[in-house]
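Please open the structure in the viewer and keep the sequence panel visible. The tour below proceeds by selections, each followed by a description of what is found there.

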Amino acid sequence: MGKLITFEGGDGSGKSTQLRLAAAWLQARGERVITTFEPGDTALGVKIRQLLLSGAHIPVPECELLLFLADRAQHVREVVQPALQRGEWVLCDRFSDSTMAYQLAARKLGTSSELLRQMLTFAECGVTPALTLWFDLPVAVAATRMQQRQLAGEKSTRLDDEAASFHQRVVAAFAGQAEANPLRVMRIDAAADVDSVQQQVTTILQQRFAL
């Protein structure tokens, strides 16, 4: 079986850049790697992503949660599980920790709800990360980075445009998840420069998987 590594963090934390760098680093060592993301990395997921993030429709929090879970179930069955069964590394940009942080915590649906946690588990279809890298970045720094991206022509999503208080709850939730799952969730100082952050990532991968 392969290994699922999830890359988590707030918007602007640099996790997507580091995922690509980590994939190249693993491939250079002869590993078979696929990169993927949520929501939207299946044909059905493209439609779900548009509903979730375009801003054309504003789902209520409960609907938003269910759409993310629908995307995850499709993604796991169609992309993640087959790759793991082929013995490949799967590097995934966002997974259940993001749902915990954004929908259960920031949307205040209830992080202690056993029913909601069971729903997250159901949508994972039996797949859990071997390792989660959490890219920790202060909200103010992330906001500056997002502004720079928008000035460069990148369009923001509906979630990007949420209030600072929303993103503060997201960061606090990720911190809580790291504290509750110290063996799986490893904190990355995402405020450092790209090379330094990459070094943190590769060090953790080497130590965890004896690479």
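Select α4, α5 (114-124) and α7 (164-180): each of these helices supplies at least two residues to the lining of the second largest pocket. The model on display is a predicted one. Which helix gives the largest share of this lining? That helix is α5, which contributes 6 residues.

The second largest pocket has a volume of about 340 Å³. Of the 19 residues that line this pocket, show Asp97, Met100, Arg117, Asn181 and Arg184, which are the closest to its centre. When the lining of the second largest pocket is coloured by class, 6 nonpolar, 8 polar and 5 charged residues appear.

**The largest pocket**

Next, turn to the largest pocket, with a volume of about 590 Å³. Its lining comprises 31 residues, and those closest to the centre are Asp11, Lys15, Ser16, Arg49 and Arg94. To see where the lining comes from, select α1 (15-28), α2 (43-53), α3, α4 and α6 (139-151), the elements that give two or more residues to it. How many residues of each class line the largest pocket? There are 13 charged, 10 polar and 8 nonpolar residues in this lining.

**Two loops**

Keep Arg94 selected and display its backbone. Arginine 94 is in the loop that lies between β3 (89-93) and α4. Its phi is positive, about 80°, although this residue is not a glycine.

Move then to proline 39, in the loop between β2 (33-37) and α2. The peptide bond that leads from glutamate 38 to proline 39 is cis, and its omega is near -10°.

**Helix α3 and its neighbours**

Now select α3 together with α5. These two helices pack at an angle of about 30°, and their axes are 7 Å apart. Are they roughly parallel or roughly antiparallel? Angles under 35 degrees count as roughly parallel, and α3 and α5 are therefore roughly parallel to each other. On the α3 side, display Leu65, Leu66, Leu69, Arg72, Ala73 and Val76; on the α5 side, display Leu116, Met119, Leu120, Ala123 and Glu124, which complete the contact. By class, the contact of α3 with α5 has 9 nonpolar and 2 charged residues, with no polar ones.

Replace α5 with α4 in the selection. Helix α3 (residues 61-85) and helix α4 (residues 96-106) pack at an angle of about 170°, with 10 Å between their axes. Angles over 145 degrees count as roughly antiparallel, and this pair is therefore roughly antiparallel. The α3 residues Glu64, Leu65, Phe68, Leu69 and Arg72 meet Ser96, Thr99, Gln103 and Leu104 of α4. The contact of α3 with α4 is made up of 4 nonpolar, 3 polar and 2 charged residues.

**The whole protein**

Finally, clear the selection and view the entire chain as a ribbon. The protein contains 8 helices and 5 strands. Followed along the sequence, these elements give the pattern β-α-β-α-α-β-α-α-β-α-α-β-α. Along the principal axes, the C-alpha atoms fill a box of roughly 45 × 35 × 35 Å. What radius of gyration does the protein have, and what would a compact globule have? The protein has 16 Å, which agrees with the value near 17 Å for a compact globule of 211 residues.

Methods:
Residues are numbered from 1 along each chain as its sequence is written. This is a predicted model: local features need pLDDT of at least 70, side-chain atom pairs count only at pLDDT 80 or more; totals for chains, interfaces and linings use all residues. Side-chain values use heavy atoms; hydrogens and water are left out. Axes are lines fitted to C-alpha atoms, for helices over the stretch in contact, and angles run from 0 to 180 degrees between N-to-C directions. Helices (H or I, at least four residues) and strands (E, at least two) are DSSP runs, numbered from the N terminus. Angles under 35 degrees count as roughly parallel, over 145 as roughly antiparallel, 65 to 115 as roughly perpendicular and the rest as oblique. Contact means heavy atoms within 4.5 Å. Ala, Val, Leu, Ile, Met, Phe, Trp, Tyr, Cys and Pro count as nonpolar, Asp, Glu, Lys and Arg as charged, and the others, Gly among them, as polar. On a 1 Å grid over the protein atoms alone, a cavity is a set of points where a 1.4 Å probe fits but cannot get out, and a pocket is an open set with protein on both sides within 12 Å along at least five of seven lines; lining residues have an atom within 4 Å of a point. Grid points are joined across faces, edges and corners, and a volume is the space filled by probe spheres set on the points. The radius of gyration is taken over C-alpha atoms; the globule rule is 2.2 Å times the number of residues to the power 0.38.
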